Amino acid sequence: MEVTPFTFLNQEEDLNFFSLYPEMQDFGMNDTTAIGLKKRRKVEEDDTNGAEEEMKRKIPFTDILTSLMILDEEEKQEQEHYLAQSQLQKESLDANYRKKSEVMNQYYSDFQQSGSELNNLEQSRGKRSRGAAFAAAATAVAAAETTVLPAAATAETSTAAGPHRRLWVKDRSKDWWDLYNSPNVSEDEFRKAFRMSKGTFDIICEELDSAVTKKNTMLRDAIPVRQRVAVCIWRLATGEPLRLVSKRFGLGISTCHKLVLEVCLAIKTVLMEKYLHWPDEHTLQAIKTQFESISGIPNVSGSMYTTHVPIIAPKASVAAYFNKRHTERNQKTSYSITVQGVVDPRGLFTDICVGWPGSMPDDKVLENSALYKRGSSGQLKDVWVVGNKGHPLMDWVLVPYTHQNLTWTQHAFNEKIGDIQGVAKDAFAKLKGRWSCLQKRTEVKLQDLPVVLGACCVLHNICTMRNDELDPELKYDLFDDEMVSENGLRSAGAVQARDHIAHNLLHHGLAGTGFH
């Protein structure tokens, strides 16, 4: 029997063979071969699944990157578009602004030119009218001094001279002023009208005589000095409008306004140096003694306070004159200028600073005053000017404690500072009560107002020196909202000096506090 050789299958053929008969695998293969095949099959399946999952993970990440790049590009384009639009809008606004500025400048130039032309026209008319009036007056005088000419000659003369304008002056009644200017008017009536005695009025007229006297002219007599001074004082005392002043004194409205400013300027120029000035050494020593008797605080040279005077809203720098505190208090828009004053124990002003805008706090007004320069230069050494909580504590300015939870010593000190401050407040209350023009908005222009306010302070001193008491009916309730200074402590030495004064007041029985 011939035995043919058996061809053995290789590994790949073996796998293919058994894949045709899967049911034979379990029987025809041994356990080791079956287990190996299963492992290889599982590994291949795992590799296939892993590749698919890797492809799935890679595809979304790529999409996200692409989306982000697209969003960045769109945002960049939008930003460039916005910047371009903004630049165009800015250029348009700039062009409009330049155009409006050119129009306004041209309008202002035309306005100034027309104003100058009108002024020139008025001046020329005034010259012609004065010339015609002088000619008419000269003709009348010549006619009165010479004999009467024949009618024909008179007609020929008038024709040769040409037409002349007749001088016309409105006839106004002066009965009211004539009554108060007469010796028969009682002291009480005069004091009620002018807020001062007849004797004080006479002294003011005498001292201002050389400064306000005017000469008579060919056309009219000059207004007397007493009437000039009376117009100013009555206007300051009552605060009445100029039309009523005109009616009382029988003068024109513009004339009354001019007289008020002229007399106020004369008071400031002639009388201020005499009646309102910083005290000399002898007077200063007496002031220190009087203030120490009032409060127990030594070396006090004056009491300082700042008040506000209402004004009409100015045309320029309106915000600077806006008084926020008074507006909030009165629920009415308020504009004002400030008056800072230092007074002695009698209530006489020894230093004033007038005219700073009402929006400035008390410490800023002080910094812009001549008093501050005097104190900073060492001229107020070893003396105190007592202020309120709106002023800073300095080597020469003494103010109350402003922090919370005061000690007994500090509270007692504040009471004594309040006594000294009361002197200044009382002086300002009398100032506004006597001169009612300071209580309401005035018709005086802003640039002329400091002169008027300075004149009121000088007149206040004159009346106080002559003991002209103010009528109780004219008492004015003063209020000026105080604010704590932003930089209240400016000298370490002044802090120690204030603490030392407060300690002495309490422990030497001078405090008089209600905490006993």
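**Reasoning through a predicted model**

In this predicted model, five strands form an open sheet in the order β3-β2-β1-β4-β5, and their pairing is mixed.

Q: What makes β3 and β5 the edge strands?
A: Each of them, β3 (349–357) and β5 (397–398), pairs on one side only.

Q: How do you know that β4 and β5 pair?
A: Two strands count as paired if there are at least two bridges between them. Strand β4 (residues 384–386) is joined to β5 by 2 bridges, so the pair meets that definition. The two strands run parallel, and V385 stands opposite V397 in β5.

Q: Which helix lies across β1, β2, β3, β4 and β5?
A: That is α16 (residues 408–434), and its direction is at about 45° to β1 (300–311).

Now to two single residues.

Q: Why is S182 called buried?
A: The cut-off for buried is under 20% relative accessible area. S182 has 19%, so it is buried. You will find S182 in the loop between α5 (175–181) and α6 (187–194).

Q: What makes the link from S182 to L179 a polar contact?
A: A polar contact needs N or O atoms within 3.5 Å. The side chain of S182 reaches the backbone oxygen of L179 at 2.7 Å, so the distance fits that limit.

Q: Why is G493 called partly exposed?
A: Buried means under 20% and exposed means over 50%. G493, with a relative accessible area of 43%, falls in between, so it is partly exposed. G493 lies in helix α18 (residues 492–507). Its C-alpha is 9.9 Å from that of L393, although the two residues are 100 apart in sequence.

Methods
Residues are numbered from 1 along each chain as its sequence is written. This is a predicted model: local features need pLDDT of at least 70, side-chain atom pairs count only at pLDDT 80 or more; totals for chains, interfaces and linings use all residues. Side-chain values use heavy atoms; hydrogens and water are left out. Helices (H or I, at least four residues) and strands (E, at least two) are DSSP runs, numbered from the N terminus. Contact means heavy atoms within 4.5 Å. Axes are lines fitted to C-alpha atoms, for helices over the stretch in contact, and angles run from 0 to 180 degrees between N-to-C directions. Buried means under 20% relative accessible area, exposed over 50%, partly exposed in between (1.4 Å probe, protein chains only). A polar contact is a pair of N or O atoms within 3.5 Å; within protein, one must be able to donate a hydrogen and the other to accept it, and residues adjacent in sequence count only if both atoms are side-chain atoms.
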